[in-house]
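Please open the structure in your viewer and keep the selection panel at hand. The tour below goes from stop to stop, saying what to select next and what is there.

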Amino acid sequence: MITRTIIKPEVNPSREFLEIASDFSNPLDVVREAISNSFDAKASEIYILFTVFKEYGRRKLKITIRDNGLGMDTKGLKSFFDLGNSIRREEKTNDESLIGEKGHGTKIYFNSESVSVTTGKDGKRYVAVMENPIGLLFEGEVPTVNVEEITENFEGTFIEIIGYNNNERSVFNHDRLVDYIYWFTKFGSFEKEINEYTPYNNVKLFVQGVDRDTPELLSFGHRFPRESENLDKLFESYMADAPDYFVKKLVYTGSLSKYPDIQYQAVFYIEGNKAKRTINNMIKRSGYTAPDGAYRVQERYGVWLSKDFIPVQRKNEWITSKGSEYTKFHAFFNCQELKLTANRGSVDNTPAEILDEIQATVRSIYQQITESNEWGDLEWLEEQSQAYQSEKKEERDYEKRLKLIKSTKIANYKNKKLREPRQEQGVFALYHSIDMLEPDLFPFEIVDYDTHAGIDVLARLRNTGVDLERSLLRFIEFKHILKSSFNHSFNRLYGIVCWKLSIKNDETVTDIFGNKRKLKCIPKTDSNSYTQFFLENERDPHRIEIIVLEEYLQERLGITFQRSKQ
């Protein structure tokens with residue numbers, strides 16, 4: 001017996017609405033969707049205001065969106081609130097400038113306590129209200145929309161959203177809003193870099209964050225720094241900082257090699273970091289208190305893939321395999337054949353073969369740039385800057401050393417001029433000079449030395465009567481000033497030669513492994529003795545001798561260092 005059954009796949013509407021409403025991981029995406037809808041409605045004036053009000057003692061977030069666009073009728077309102085039922089998909093056949101097509105974007109509004117839409121068309125005003133959308137969706141219900149139709153003229157669309165994103169308002173400060181608008185919305189489109197006469201130049205956007213009392217009027221188009229002057233003027237104006245102020249704009253348009261029917265538009269700005277900062281107050285840097293939401297250059301700049309001239313996803317790995325060379329670029333590559341995920345956060349829905357060809361095109365542009373005269377100009381500036389900095393550093397070092405020479409203490413011994421050491425290498429040099437003049441002064445002789453990491457030597461005790469192969473070798477460390485923290489091990493350490501001590505008798509010195517020893521001072525007892533210093537541990541019979549050169553030379557040889565009279 002055979003039984004056949006037909007299963008018709010169904011959709012859980014409330015679950016799908018909830019998934020889409022929650023899929024926008026960045027709360028600021030509500031701004032992108034609002035602006036896209038206003039542009040699709042051919043608006044020339046847009047208001048997006050974030051304010052906070054009190055209701056029953058509770059502070060609530062209110063988003064007000066107002067435009068003077070074409071408005072909607074009942075069909076448009078249904079498309080606005082429906083999922084996957086966008087009227088833009090049909091209209092896009094005749095108007096490729098339209099952005100919306102999936103019918104998902106406005107579902108981000110459902111993540112709120114209420115949504116009201118007032119709009120008008122053909123002599124009718126419509127008021128649509130959806131109450132508690134997010135609450136109902138969590139309860140498994142699809143929220144309904146109550147619509148009133150009034151016979152009167154109304155221009156554009158007015159939207160009010162209450163309690164969006166659980167009233168979380170920390171991300172809606174004004175500076176972060178403006179930054180987001182210029183980077184990730186249609187209003188921040190870079191298409192005026194391709195065509196300066198774009199019809200959107202006259203679109204006005206008024207925006208207000210929760211930390212502002214009045215809206216700010218923004219002008220259309222992504223913000224780029226001005227191209228720099230000729231190289232000589234740039235270097236003359238900024239000297240060593242010239243590469244940081246270098247700006248060059250390069251525009252590329254064409255079609256994909258394997259798909260000549262697919263067009264692309266790209267703008268690549270080569271920019272120094274200080275040039276970026278002239279138009280972007282959100283870049284973190286030392287000594288600057290950036291607004292909330294600020295970021296480092298590495299976190300924002302590079303090459304962005306875009307659709308509708310709206311950046312979607314960075315692809316810096318396409319142009320650099322290591323390092324951060326991509327930070328020199330402020331670049332966007334637009335292609336309308338990119339297929340985006342529902343939240344417009346990724347291009348991963350694009351067919352692999354098209355994405356591969358786009359990648360090849362971006363790499364080809366990058367190679368052209370790095371082989372161009374413009375890139376050569378930047379490299380020349382960097383070389384000149386490096387040479388200038390090197391020259392200035394040498395000049396500063398020279399002046400510094402002249403001052404040090406004048407202030408350095410000196411001593412004369414056996415017709416040799418000795419200089420007070422200023423660093424570890426100087427201690428070693430002074431020891432070596434004295435050892436040449438007085439071969440039997442020090443209780444050890446150096447067998448080998450290494451200056452790779454500080455100065456340490458292998459030495460053996462003098463006059464032991466044991467040949468080199470059978471003698472016990474131990475380390476001796478050279479330090480300018482011996483402090484309480486010792487960056488080597490006490491193991492196999494015979495002694496330390498330093499110029500001065502910064503620790504006192506009975507104070508503790510700790511080695512790199514945390515082992516501790518106390519400083520012990522044995523004062524000079526007569527004219528034939530000298531002050532001795534040791535590092536001791538009561539559990540270890542071996543004492544580490546310290547030769548403090550300043551005192552040792554004075555007491556043993558009568559050498560005193562004094563400032564030169566010259």
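The stops that follow cover two sheets, a loop residue and the nonpolar cores.

This is a predicted model, in which local features need pLDDT of at least 70 and side-chain atom pairs count only at pLDDT 80 or more, while totals for chains, interfaces and linings use all residues. Residues are numbered from 1 along each chain as its sequence is written, and side-chain values use heavy atoms, with hydrogens and water left out.

**First stop: the five-stranded sheet.** Select the strands S9, S10, S13, S11 and S12, which in that order make up an open sheet with mixed pairing; helices (H or I, at least four residues) and strands (E, at least two) are DSSP runs, numbered from the N terminus, and two strands pair if DSSP finds at least two bridges between them. At its edges are strand S9 (247-255) and S12, each of which pairs on one side only. Neighbouring strands here are turned against each other by 25° on average, direction ignored. Now narrow the selection to strand S11 (residues 302-307) and S12, which are joined in the antiparallel sense over four bridges, and find Trp 304, which stands opposite Arg 314 in S12.

**Second stop: a loop residue.** From strand S12 (310-314), follow the chain into the loop that leads to strand S13 (329-334), where Thr 320 is found. Is Thr 320 buried or exposed? Its relative accessibility is 11%, so Thr 320 counts as buried (under 20% relative accessible area, with exposed over 50% and partly exposed in between, for a 1.4 Å probe and protein chains only). Leaving aside residues up to four places away in sequence, Thr 320 touches Glu 325, Tyr 326 and Tyr 366, a contact being heavy atoms within 4.5 Å.

**Third stop: the cores.** Select Val 30, Tyr 109 and Phe 187, the residues with the most contacts inside the largest nonpolar core, which has 59 residues; such a core is a set of buried Ala, Val, Leu, Ile, Met, Phe, Trp, Tyr and Cys residues joined through side-chain atoms within 4.5 Å. Helix H6 (residues 174-184) gives the most to this core, with seven residues. A second, separate core of 36 residues includes Phe 246, Leu 250, Val 303 and Ile 365.

**Last stop: the three-stranded sheet.** Finally, select S15, S14 and S24, which in this order form an open sheet with antiparallel pairing. Strand S14 (residues 409-413) is paired with S24 over two bridges, and Gln 562 in S24 is the bridge partner of Ile 410.

Methods:
Axes are lines fitted to C-alpha atoms, for helices over the stretch in contact, and angles run from 0 to 180 degrees between N-to-C directions.
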